[in-house]
Amino acid sequence: MLDSNKDSLKLEAMKRIVAMVARGKNASDLFPAVVKNVACKNIEVKKLVYVYLVRYAEEQQDLALLSISTFQRGLKDPNQLIRASALRVLSSIRVTIIVPIMMLAIKEAASDMSPYVRKTAAHAIPKLYSLDPEQKDQLIEVIEKLLADKTTLVAGSVVMAFEEVCPERIELIHKNYRKLCNLLIDVEEWGQVVIINMLTRYARTQFLNPNINESLLEEGGEKEFYASDDDEDDEEKKAEAAALAKRKPYVMDPDHRLLLRNTKPLLQSRNAAVVMAVAQLYFHLAPKAEVGVIAKALVRLLRSHSEVQYVVLQNVATMTIKRRGMFEPHLKSFYIRSTDPTQIKILKLEVLTNLASETNISTILREFQTYIKSMDKDFVAATIEAIGRCATNIGEVRDTCLNGLVQLLSNRDELVVAESVVVIKKLLQMQPEQHSEIIKHMAKLIDNIQVPMARASILWLIGEYCEHVPKIAPDVLRKMAKTFTNEEDIVKLQILNLAAKLYLTNSKQTKLLTQYVLNLAKYDQNYDIRDRARFIRQLIVPTDKSGALSKYAKKLFLALKPAPVLESPFKDRDHFQLGSLSHLLNTKAGGYQELPEWPDSAPDPSVRNVEVKDSVPEWSKCTSRKERKEKKVEKPFYSDSEGESGPTESADSGNYGDQAVVALGSWNILKISKTHTHVLCASFTSDQSSGEEQKKERKGVKQRRSGSESESEEESESESSESESGSEEDSESDTDTRKKKKVWTHAHHPQHCHSQQFLLSTSVAPTSSPQVTPVNNFLSSSLASDLEGLSLTDTVLAPTTIAPSASVRMYELLHRITGEGLGVEYCFNRQAFSPDPHMVAVQIHFTNNTSCETKNLHIEEPKLQSGMRIKEFPEIDMLPAGESVSVVMGIDFCDSTQAANFQLCTHTRKFFVSIQPPVGELMTPIFLTENEFKKEQGESSHLHHQPPPHISSSSPMLK
Amino acid sequence: MIHSLFLINNAGDIFLEKHWKSVISRSVCDYFFEAQEKAMEPDNVPPVIRTPHHYLINIYRDKIFFVSVIQTEVPPLFVIEFLHRVAEMFQDYFGDCSEVAIKDNVVIVYELLEEMLDNGFPLATESNILKELIKPPTILRSMVNSITGSSNVGETLPTGQLSTVPWRRAGVKYTNNEAYFDVVEEIDAILDKSGTTVFAEIQGVIDACVKLSGMPDLTLSFMNPRLLDDVSFHPCVRFKRWESERVLSFIPPDGNFRLMSYHVNAQNLVAIPVYVRQNISFFESGSSGRLDITLGPKQTMGKTVECVVVTVHMPKVVLNANLTATQGNYTYDPVTKILVWDIGKLNQQKLPNLKGSLSLQSGAPKPEENPSLNIDLKIQQLAISGLKVNRLDMYGEKYKPFKGVKYVTKVFR
């Protein structure tokens, strides 16, 4: 059927083959016939052929090569999705001969324009690595390149590749650390897990232990745990952290703080793996006072599937040993349900035991009492052991527990009794003197109990404390001697011990018995027992040539033994990274990366500073600043032609966070960025100094450029775009004017469009063919995202999805809900405000979302900083339902970024609103003569050879 | 990461295998069978099993074991969560996740698995994207396909995968625009013998069925958001808005999805909607026992309690039960020792009662512990915590959607 011409027949055949593959039947005979169809037009047939190919290519390497050319062709396809899937299948074919082809394809795809293809390239890296580890060095180069990628789509996959190929190359992360932190919340959930785990390790090597002074702060820390609640907001915490920081010399690295802050919202993820990853990050990295936040999220996971519960409880058990206070408020969540599977019950028991303290022990013991009555015997046994552990840990309840356990000795279930005996034995060892009654009671039990471990325990107890029960002990030995041959090995050994001890203390009564037992043991099948018997005989029975040791026999046997410490099996498990497979199994799994210890002194934090020079190639360095300016200016021309294609916009909007980061340097140069940097990401405040450096550097670049002037044909066009800037408001001091002029002219230079296109191309996903993507389209859309990036790196989803149009950044003045249906937005339209040249024009856009009309919209009672002025817009008489209207008002911000507050009134309501100017919106119109402009323009034109053809716009020039 | 996946039914047959890297022989499952045998019950199979060369991470769902093979370190929850996603996806596609359904649609299953993982790393797990790639089977489509020879694989390329709203597919169109929200709350309570609450908590979920055209931007606000103590969201919900304004603002995926799940602060005491009077006793002699259970409504806020089912796990010695129920009917399974009493609607006037004798294995000692009772019930149109949706607003699209909210309270274990 595969040879048929009809697609439907082929499809049917392929379906049957795949069904065979799925059932695990061997279908490799059909390989040649299937491979022929790899170039089939029908998508479903194609896909199924891929499935088959990937499964059997390894077995039939030669034939598989026939298909390679098809994929190579696919790699050149204009459609990004076809390129991606071709790479995916190509890299999945495990045939060593094609390694060079794969390498080439990966390298090419890593610099593909589409982030989706780059993501696929990242996926392909570990595949190639597992096929041929010798390619490692080349692959690391690719990884390094992809790590610098700024799209959320790629981030998760490349970190995955990093973890599989070169987890030890931690230095590759430095430059990307802040970017990863900022992108984290937008990365898809699986990528989040991988990134968080990697960052945990990274942070361990780069930052100082925040709990370094833990012992000093013990008390303070404890209190915090109880207070830790979800409602506790960030400010409070910061205040606390600040207070703590004052008391101790330790100061948290701002990057460390950034990581903690950016991961916290992920505790609310629906994905258990993400929550766990964040939890372990906090456990390993956060100051003690802040770890509390994870408790609630982990407790939430306990309501999930039982497998999830199992893993989470394992981790909680480890955490409770170190940080008991964290889970104490959630004690009841660990109460056991009768419907829980046994393994969950036992883990919960473990957690409860770890949580037991003087204050809550009575509740826990009461709870344990009910558990003992359960029908699940394994669970009951575990409960008894748990009681024993509580008793050893908390002295006050030891007697209560012991009494309870003794009562259990009369239980009808043998398992319960046996387990109790074992636990009692351990407890008694701590204070034997007071409990000879119990020992007597247990001696009686030996007739009934059959469980070997319990019998052995009783015998050991009697032997050890035979002086407390001098009458009973020989009697027990007599009984045991009778049944010696039928006992289990472990019991036999204890009988021997008992005999030896009695012989030493009470040789008159037991001499013969001991001899008898030793004789029996001499011919036992188990060599261990024979060995023991020989050893004991030599030691205790006096003979002519008895060695020097026999003198010390009594000391040897009746030495005071230290009481056993009952401790949790989860103790010390936290040296494994929590949440890892190794932690769960308590052994190192293959490929596990040790969690490094904290360094004693922090490595240089400046390695994480992203310098424009280093992190982006030369061409983008020159344009990153101008690009931004330029786009702002050109926007009015292109705004109406903005994005028809969803993917284009969305693909690059993942970018904004990073664009902002890159652009940061340039903002610094403009000297307006102090507050702005804060908005972007707090950690960058430390970059002020580096910004200064860049400034110098930049100047240098400029000078070099101005040295080599070259004219370009696009002057007039660039001039026209330049003119737009003339209408901007001046809000900067005059001293800056000259510099700004330069900036502006650079910015307006259309030839930068080319390089800009280059830069942007990394983030633009062309819909049909990359070559003909209209530049104006992505200019405008990426502008929007860039601008959003400037102020909104934190609010992850909002900018990409709400942005009403990609043209002008709209700011919200009054929300639809708070405004009772009246929505008000404003934007800085960058026009000159004609009535007063010192004012910034603010365009206000009213939308009436209600079903009735709104009247008399006007401004009242402006509350302004000194020197600030407002020019109100004319009152709007009526705004019908569903309509919207725009007006322009002028505000003189006095070159400050203070907000202008005023009331917005309708005929029914008044709303307090405020407009705060973002730094970049306070602009100055600059007048340039044509010559001046040309000169400025020439400065940078030599960098680019080919201007985009469509930047011809026709707006008037201000001269 | 995930190397291979085996699907195994209760009888121990491996009925599907899929490998993402080189093929691993199915004999690796022998270690799993060993563990399964040791565990007696499917619930008790350890989720992570170590074998000399591999690690097996498995989940048990809908009577199928999903056994994945791992070779290197990977967070176990990562795999477990993913396997559950796979199971949910099957459910979404085929209505149920049974062995029969999977066998019937083996090709689609294979295509799905191929798309969900690449080299063992999750690729596309959003149902909206997958449905764009591979259309779910319907009777009509399978008929059309068999006649015309067209396929289940989407002709269009999954552009959604590339967007920043990866959970929503582009170009959605409906003639009736509807958005339904189900607020489902579950009470989880442990009562002691006398009926006092040992432990009680309310967990709730909001499941949504949104069929809206275009790219709607929804805002859901509550009357009393303070009730919500601990929440987790679908990735579409904007966390910052929730933090600052306590409203859910999101662009919904298309179709059914779980918008959020929450936990209600247990400090305000949970009102248990029913009370139980029970008396189960076993006699020392005569190997018999007596059982008497009565149920009555309590604090139901005027709503009827429905679907009441009482389940009792009897001790092993109980051979049979001879009971009479005033309402509903009961069954006793002497093998599993489970007594199920299906009451149905709870009648205010005449309280349902189950009474009668139990026969025990003769000679065996009487059970020391009285069995515990599990009660399942359901109350329509009531969220027991008192949570109320205030309003739903839609932005970004012009049409007026039809909106609906339903409340259900369940007690179900």
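This report walks through how two chains meet, what fills their interior and where charged side chains pair up. Keep in mind that the model is predicted.

**Where the chains meet**

Let's start with the contact between chain B and chain A. On one side, 101 residues of chain B take part, and they touch 99 residues of chain A. Together the two chains bury about 8,700 Å², and carbon and sulfur atoms give 59% of that area. Charged and polar pairs also link the chains: there are 10 salt bridges between them, and 26 residue pairs are in polar contact, with both residues at pLDDT 80 or more. Which part of chain B gives the largest share of the side that touches chain A? Helix α2 of chain B, residues 76–94, does so with nine residues. Sorted by class, that side of chain B holds 48 nonpolar, 24 polar and 29 charged residues.

**The nonpolar interior**

Next, look inside. The largest nonpolar core has 262 residues, and B:Phe66 and B:Phe90 touch the most other members. If you leave aside neighbours within four places in sequence, the contacts of B:Phe90 include B:Leu7, B:Phe66, B:Cys97, B:Ile102 and B:Leu113. Another core, of 67 residues, lies apart from the largest one; among its members are B:Ala200, B:Leu259, B:Met314 and B:Tyr332.

**Salt bridges**

Over all chains, the whole structure has 41 salt bridges. Here are four of them to find in the 3D view.

| Residue pair | Closest N to O distance |
|---|---|
| A:Arg270 and B:Glu126 | 2.8 Å |
| A:Glu290 and A:Arg257 | 3.0 Å |
| B:Glu201 and A:Arg303 | 3.5 Å |
| B:Arg61 and B:Asp62 | 3.9 Å |

Take A:Glu290 and A:Arg257, which form a salt bridge within chain A. A:Glu290 sits in the loop between α15 and α16 of chain A, while A:Arg257 belongs to helix α14, so their pairing ties together parts that are 33 residues apart in sequence. A:Glu290 counts as buried because its relative accessibility is 7%, whereas A:Arg257, at 21%, counts as partly exposed.

What does the pair of A:Arg270 and B:Glu126 join? A:Arg270 lies in the loop between α14 and α15 of chain A and B:Glu126 in the loop between β7 and α5 of chain B, so this pair joins two chains. A:Arg270 is partly exposed at 29% relative accessibility, and B:Glu126 is buried at 14%.

In the pair B:Arg61 and B:Asp62, B:Arg61 is buried, with 13% relative accessible area, while B:Asp62 is partly exposed, with 39%.

Finally, salt bridges that share partners can build a network: A:Lys47, A:Arg88, A:Lys127, B:Lys18, B:Glu114, B:Glu115 and B:Asp118 are joined in this way.

Terms used. Residues numbered from 1 in each chain as written. Chains lettered and ligands numbered in written order. Predicted model: local features only at pLDDT ≥ 70, side-chain atom pairs only at ≥ 80, totals over all residues. Heavy atoms only, no water. Contact = heavy atoms within 4.5 Å. Buried area = accessible area lost by both parts, 1.4 Å probe. Salt bridge = Lys/Arg side-chain N within 4 Å of Asp/Glu carboxyl O. Polar contact = N/O pair within 3.5 Å; in protein donor to acceptor, adjacent residues only side chain to side chain. Helix = DSSP H or I, 4+ residues; strand = E, 2+ residues; numbered from the N terminus. Nonpolar A, V, L, I, M, F, W, Y, C, P; charged D, E, K, R; others polar. Core = buried A, V, L, I, M, F, W, Y, C linked by side-chain atoms within 4.5 Å. Buried < 20%, exposed > 50% of the residue type's maximum accessible area, 1.4 Å probe, protein only.
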